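I opened my notebook and picked a few spots to look up. Here is what I wrote down, one entry at a time.

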Amino acid sequence: MSRRRFLTLSVVLDAVLVNAGFVVAYLIRFGGELPRFNFEAYVALAPLLTLAYLAAGYIYGLYEPEHTESSWAVARAVFPAITLGAVLTAAISFFGGPRFFAFSRLAILIAWVLHFAALVGWRALALRLGGISWPEQRILILGTGSVAAELADELRRREAWGYRVVGFARSTPEEDLSEEVAASGLPVLGTAEDVPAIVAEHDAHRVIVVSPVQIRELVEDLALCEETEVRVEVVPELYEVFIGTVDSMVADIPLMEITRRTVAPWYSATKRALDIAGAAVLLIALSPVLLFAALGVALTMGLPVFFAQERVGRDMRRFRVYKFRTMVRGAESASGPVLATSDDDRVTPFGRFLRRYRLDELPQLLNILDGAMSFVGPRPERPFFVERFVREIPGYRERFRVKPGVTGLAQVAGGYATTPERKLKYDLIYMYHQNLPMDLQIVVETLRVVLTGRGAV
């Protein structure tokens with residue numbers, strides 16, 4: 001059974017069994033009958049309760065491979081999940097108003113027993129009959145001490161979950177090889193300097209750093225490898241635990257992830273829906289402003305009104321971005337590509353007005369609708385500068401892991417002339433901490449910039 005199929009089956013079966021458990025609990029509670037007054041309270045709450053139980057299952061890891069290792073492991077995960085679900089059910093029915101107060105409290109207790117038996121039972125049966133095939137995760141361990149050997153041993157015990165240790169790498173050429181590593185039978189493939197090449201050669205998905213190394217240089221080297229997308233984790237020292245968050249555990253060994261590349265699917269879907277709705281509404285609502293800007297450009301600078309330019313977007317894909325023209329015609333015919341400055345004499349007076357209030361960016365609503373951009377994200381840059389910055393600025397390629405935006409943290413915190421290095425720091429801060437409240441805050445700050453002209457050229 002594939003991982004995707006198992007997860008889909010888990011969610012569907014859990015949803016069905018949770019509701020079946022409530023129905024059977026009512027039948028037991030009321031002697032084989034479903035009294036309308038009491039049962040209607042359940043029917044009204046059924047969708048919400050289903051989501052509550054599925055969320056509780058997610059919180060306690062029912063949809064993670066580590067909790068399908070054995071029937072006992074499943075039971076340990078199901079117990080707190082259905083307990084939380086029962087508590088939420090009681091709270092919703094009690095505080096939800098008179099309509100829901102008739103929900104039988106005894107039925108909740110009976111349902112708890114039924115839910116435990118059903119959710120543990122079907123998983124135990126699935127494990128016994130077919131097992132689960134999890135996608136392979138190829139792992140390189142950076143370090144050759146006893147902790148590295150212990151970590152490798154624990155991961156090899158979890159091969160049923162798809163873990164494959166490809167080998168070790170020394171943190172420095174002088175690092176000692178522990179007896180445990182020597183006895184493990186796994187190869188020592190090189191040193192920290194060789195990690196990008198080892199990752200590419202062995203198609204590694206994760207690098208776990210056990211021995212002290214220059215983490216920043218390692219991550220930057222991996223980020224510069226076009227063919228690789230690897231997750232980097234460290235076994236933290238005590239002081240690192242104080243300033244960071246432990247993301248996972250292997251036995252009793254904590255791991256901190258330092259290369260978070262993705263966001264939750266619900267966030268991506270919600271953000272895309274808001275982008276489409278927002279862009280469509282703004283194109284209609286701001287049509288008078290668009291007309292004013294177009295006429296202003298035509299009268300003060302002549303045609304063309306719009307300016308289309310190739311930019312680099314997510315995953316280094318190129319697309320054409322649209323703006324109102326703010327510079328004289330042929331602005332770069334003599335100089336070639338040049339970054340904007342605070343006193344750029346190529347910008348016309350009306351163009352400076354458009355830039356001051358960010359009105360030149362409005363045509364990018366079309367880029368949002370076609371999916372090349374979002375409202376919030378790193379600003380898209382021209383290929384000429386991207387190629388240069390990738391060579392000169394460590395980690396610059398990282399910003400292309402997400403979709404570019406019309407506005408971003410770098411824009412509201414700085415301006416057109418902020419240095420690329422400083423913009424990159426803002427972009428990475430946004431990438432690794434993005435959420436809907438942060439997006440809203442950036443949009444609000446952008447409106448303040450538009451209304452006050454702060455931070456613009």
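**Entry 1: an acid inside.** I looked up Asp-275 and found that this residue is buried yet has no salt bridge. Buried means under 20% relative accessible area, with a 1.4 Å probe and protein chains only. A salt bridge needs a side-chain nitrogen of Lys or Arg within 4 Å of a carboxyl oxygen of Asp or Glu. The nearest side chain of opposite charge, Arg-272, is 4.8 Å away from Asp-275. I noted that Asp-275 sits in helix α10, residues 265-285; helices here are DSSP runs (H or I, at least four residues), numbered from the N terminus. Not counting residues up to four places away in sequence, Asp-275 touches Ile-368, Ser-374 and Phe-375, where contact means heavy atoms within 4.5 Å.

**Entry 2: how I should read this.** The model is predicted: local features need pLDDT of at least 70, side-chain atom pairs count only at pLDDT 80 or more, and totals for chains, interfaces and linings use all residues. Residues are numbered from 1 along each chain as its sequence is written, and side-chain values use heavy atoms, leaving out hydrogens and water.

**Entry 3: the cores.** A nonpolar core is a set of buried Ala, Val, Leu, Ile, Met, Phe, Trp, Tyr and Cys residues joined through side-chain atoms within 4.5 Å. In the largest one, of 31 residues, Phe-22, Tyr-42, Leu-62, Val-78 and Phe-103 touch the most other members. Its largest share, eight residues, comes from α2. I also found a second, separate core of 19 residues, including Ile-139 and Tyr-163.

Key. Buried < 20%, exposed > 50% of the residue type's maximum accessible area, 1.4 Å probe, protein only. Helix = DSSP H or I, 4+ residues; strand = E, 2+ residues; numbered from the N terminus. Lys, Arg positive; Asp, Glu negative; His and termini not counted.
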